[in-house]
Structures are given as structure tokens and as C-alpha cells.
Amino acid sequence: MPQQISIMVGTDGAVEIETTGFSGKSCKDATAGLEKALGVTKEVSLKREYHQQVRQQQRAQR
Amino acid sequence: MSHVSKVDVSFTDLNEIKEACARIGAEFLEGQTTHRWFGNWVGDYNTADAAYKHGVKPEDYGTCLHAIGVPGSKTAYEAGVIRNQNGTYGIIYDNWCGGKGLEKVIGQNADTLKQAYAVVVAKKQVQRKGFRVVEVTKDDGRIQLLATK
């Protein structure tokens, strides 16, 4: 699955960044520099894929 | 892992402000330390976004580090690039009558400039990380950068 970063820049300059296809913490590594260069990060939410990945890991450990 | 983050954009890089100006058709007037405005403060603008409520003294109105203008216009007001107290750059301008044409170029509240700046910065950052970038302008004016690798 290719790594993808979608950056949506609003007409007021506000930016929403969404990542898909990353494994582990690599998505945060990929966007950390981007977020820092742009300004102040207001909010970060983890997507469903992340929670699914955690559940799978927990099942595997049982 | 995947995530979504929201970022408030602030101007931190002068070269990228210049590139944003070029992108929207504004003229970056490097080293011009005054910018065209009404000329003297008459104390008639006091809303929350008034410059004096954000650390700019009324006696400093009209002064700046660099200016941003409308190419070919001798009547449009100009924006001033100033240094904020937190080290970032700020954009200040007289918004009377849309800055007499300035807002047609930089947008109300300099939003068009902010959008262009965010696009310039974001594109460079992801390209540096080896991503290919496609830019799409949406019908509602938002700009999406799709970066893949």
C-alpha cells in the first residue's frame, strides 16, 4: 500500500493533514517536520486503521 | 498507523512568504520599511483584530520590515511584514475599503496569502521527504496536495 499524505489547505490558510498507508509511528515522523514548518498543531486524532492495528496486536499477544 | 491533524498556519520563513506572493500575483517589496495606508490613525478601528490589540503600537502603524503591494497600482494600500513578539512574521494592513484593492490580491485578513504560504511550505516539506505531489484546487477554493511514495 503506498504511503499517502493528503494536505487540505482551506481558503483561510488552515491546514488539515491526513495520512494513510504508514506503519507504526512512521506517519507521525513523516508529518512532524511538516506540522512544525506550518505552525501550531491544534488537534491530532488517530484514524480507525490505527485502532484496528492495535486490536490486532493485542489479539496476537493472547 | 494513520492520523489526522489540524494546523494553524503562521508565517515563519521570509523566502516562502516571497514565493507565496509570487504565486498569488502580489509584489514583495523587499526592504521597503513603510507601507501605504491611510496615513494616520484616527482611532476608529477597535475590533478584536485591530493591530494595536496585537502588540503593534498605533505610532508604528505604516512601518514594517518589508512590504507587499499590488503590482502596477499607485493607489491600493500595501501590507507590511512585521516581526511578531513570538518571532514569527505578521501581516498588517489598512483594511478600509478592502485596502483599496489590496484584499483582491492578498484576501480578506490576508487569507489568500496565508493559503498560498501554506501550499508553498507544505509542498516543499513533503518533496524533501521524497514524496511526489499533485495539487488539486477544489470548487470551493480549498487546495489539496496529494503526496504519495
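Throughout this report, buried means under 20% relative accessible area, exposed means over 50%, and partly exposed is whatever falls in between, using a 1.4 Å probe and protein chains only. This is a predicted model, where local features need pLDDT of at least 70, side-chain atom pairs count only at pLDDT 80 or more, and totals for chains, interfaces and linings use all residues. Residues are numbered from 1 along each chain as its sequence is written, chains are lettered from A and ligands numbered from 1 in the order in which they are written, and side-chain values use heavy atoms, with hydrogens and water left out.

**Chain A and its bent helix**

Let's start with chain A, which has two helices and three strands. Helices (H or I, at least four residues) and strands (E, at least two) are DSSP runs, numbered from the N terminus. Read from that end, the chain A elements go β-β-α-β-α. Of its 62 residues, 34% count as buried. Taking contact to mean heavy atoms within 4.5 Å, residues 24 or more positions apart make up 20% of the chain A contacts with a separation of 6 or more.

Helix α1 of chain A covers residues 26–38, and its 13 residues should span 18 Å at 1.5 Å a residue; the end C-alpha atoms sit 19 Å apart, which agrees. The expected span here is 1.5 Å times one less than the number of residues. There is a bend in α1(A), about 35 degrees at A:A32, where the bend is the angle between axes fitted to the seven residues ending there and the seven starting there. Right after α1(A) comes A:G39, with a positive phi near 155 degrees.

Which residues of α1(A) are buried? They are A:C27, A:A30, A:T31, A:L34, A:E35, A:A37 and A:L38. An α-helix has 3.6 residues a turn, so residues three or four places apart point the same way. The cover over the buried residues of α1(A) includes β1 (4–9), β2 (15–20) and β3 (39–46) of chain A, along with β1 (3–9) and α4 of chain B.

**Helix α4 of chain B**

That brings us to α4(B), residues 111–128, where B:Q125 is found. Leaving aside residues up to four places away in sequence, B:Q125 touches A:G33, A:L34 and A:A37. B:Q125 counts as buried because its relative accessibility is 17%.

B:V119 is also placed in helix α4 of chain B, and at 1% relative accessibility B:V119 counts as buried. With the same sequence neighbours left out, B:V119 touches A:V9, B:R23, B:E135, B:I143 and B:L145. B:V119 and B:R23 are 96 residues apart in sequence, yet 9.8 Å apart in space, C-alpha to C-alpha.

**The sheet in chain B**

Chain B has an open sheet of four strands, ordered β2-β3-β4-β5, with antiparallel pairing. Its edge strands are β2 (27–29) and β5 (89–92), each pairing on one side only. On average, neighbouring strands of this sheet are turned by 25 degrees against each other, direction ignored. Axes are lines fitted to C-alpha atoms, for helices over the stretch in contact, and angles run from 0 to 180 degrees between N-to-C directions.

Helix α1 (residues 14–24) of chain B packs on the sheet and touches β2, β3, β4 (79–83) and β5 of chain B, its direction making about 145 degrees with that of β2(B). Two strands pair if DSSP finds at least two bridges between them; β2(B) and β3(B) (residues 66–69) pair in the antiparallel sense over three bridges. One of the matched residues is B:E27, whose bridge partner in β3(B) is B:G69.

**Cysteines**

How many disulfides does a search of the whole structure find? Zero over all chains, with a disulfide being a pair of cysteine sulfur atoms within 2.5 Å. The sulfur of B:C21 has its closest cysteine sulfur in B:C64, 12 Å away, so a bond is ruled out as too far. B:C21 is buried, at a relative accessible area of 1%, and B:C64 is buried too, at 10%.

**Positive phi away from glycine**

Two residues other than glycine in chain B have positive phi values:

| Residue | Phi | Place | Relative accessibility |
|---|---|---|---|
| B:K100 | near 50 degrees | helix α2 (residues 97–100) of chain B | 43%, partly exposed |
| B:N109 | near 60 degrees | loop between α3 (102–106) and α4 of chain B | 43%, partly exposed |
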